[in-house]
Amino acid sequence: MLRIVNRVLVGLAGLLLIVGGGSVLAVGLGLEPPSWWVHDGQRDVLLSDADRTRWRDEGWWWPTVIAVLAVTVLLALWWLTAILRRRRLAEVLVDTGDGEGALLRGRALEGVLAGEAGALDGVQRAQAALTGRRSTPQARVQLLLEPHADPGDALHVLTTQALAHARDSAGLAALPAEVRLRGVKHRAERVS
């Protein structure tokens, strides 16, 4: 979801900047703007003194400006923290049984999980990522299935073998997983 929001916001901001900048450049180079356009000619300014001070004496103006700016700043901060936040789990806390704990690198467990899932019958390629907290990780697995693979069987074998091995080897009570299955693009087979 965040990836979609990020792309839409960046796309809209880019489109707005291109349209605004392009229109100012076109008018500055001598192109005749439409009658409803805010920028009339080469010597015109985008925001005149009258436009800037028109609503200054109204009682609702300053609270509205402050509220819009505050919401804009909060959305920008949320967007920045969402982009900078680590999505992958760096380490997994393994209970050693003696009251102490050991740390297992998240990339190592991801690599083993992806390797074992990729070795399953009918799986061409597998990717794994760990998210969540280090004491309660969650797995996201993507499988690229070959044309002859049965998705139900591939999912069953993945949960009973690869995910079970990863859960047991890390000493976790549970390893919830989100599995995404995709099929390899291939030509239709000719039937005679």
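Trainee: What makes glutamate 91 and arginine 134 a salt bridge?

Mentor: In this predicted model, the closest N and O atoms of glutamate 91 and arginine 134 are 2.8 Å apart. The cut-off is within 4 Å, between a side-chain nitrogen of Lys or Arg and a carboxyl oxygen of Asp or Glu, so the pair counts as a salt bridge.

Trainee: Which parts of the chain does that pair tie together?

Mentor: Glutamate 91 sits in strand 1 (residues 91-95), while arginine 134 belongs to the loop between strand 3 (123-132) and strand 4 (137-145), so the linked parts are 43 residues apart in sequence.

Trainee: Why is glutamate 91 called partly exposed?

Mentor: Its relative accessible area is 30%. Buried would need under 20% and exposed over 50%, so glutamate 91 falls in between. Arginine 134, with 38%, is partly exposed too.

Trainee: How many salt bridges does a search of the whole structure find?

Mentor: The search finds 3. Among them is the one where the side chains of arginine 167 and aspartate 168 meet, at 3.5 Å from N to O. Glutamate 178 and arginine 180 form another, with their closest N and O atoms 2.9 Å apart.

Trainee: Why is aspartate 168 called exposed, and what does arginine 167 count as?

Mentor: Aspartate 168 has 51% relative accessibility. Exposed means over 50%, so aspartate 168 earns that word. Arginine 167 has 28%, which lies between the two cut-offs of 20% and 50%, so partly exposed is the right term.

Trainee: And how do you know what to call glutamate 178?

Mentor: The same way: at 36%, glutamate 178 is neither under 20% nor over 50%, and therefore counts as partly exposed.

Key. Residues are numbered from 1 along each chain as its sequence is written. This is a predicted model: local features need pLDDT of at least 70, side-chain atom pairs count only at pLDDT 80 or more; totals for chains, interfaces and linings use all residues. Side-chain values use heavy atoms; hydrogens and water are left out. Helices (H or I, at least four residues) and strands (E, at least two) are DSSP runs, numbered from the N terminus. Buried means under 20% relative accessible area, exposed over 50%, partly exposed in between (1.4 Å probe, protein chains only).
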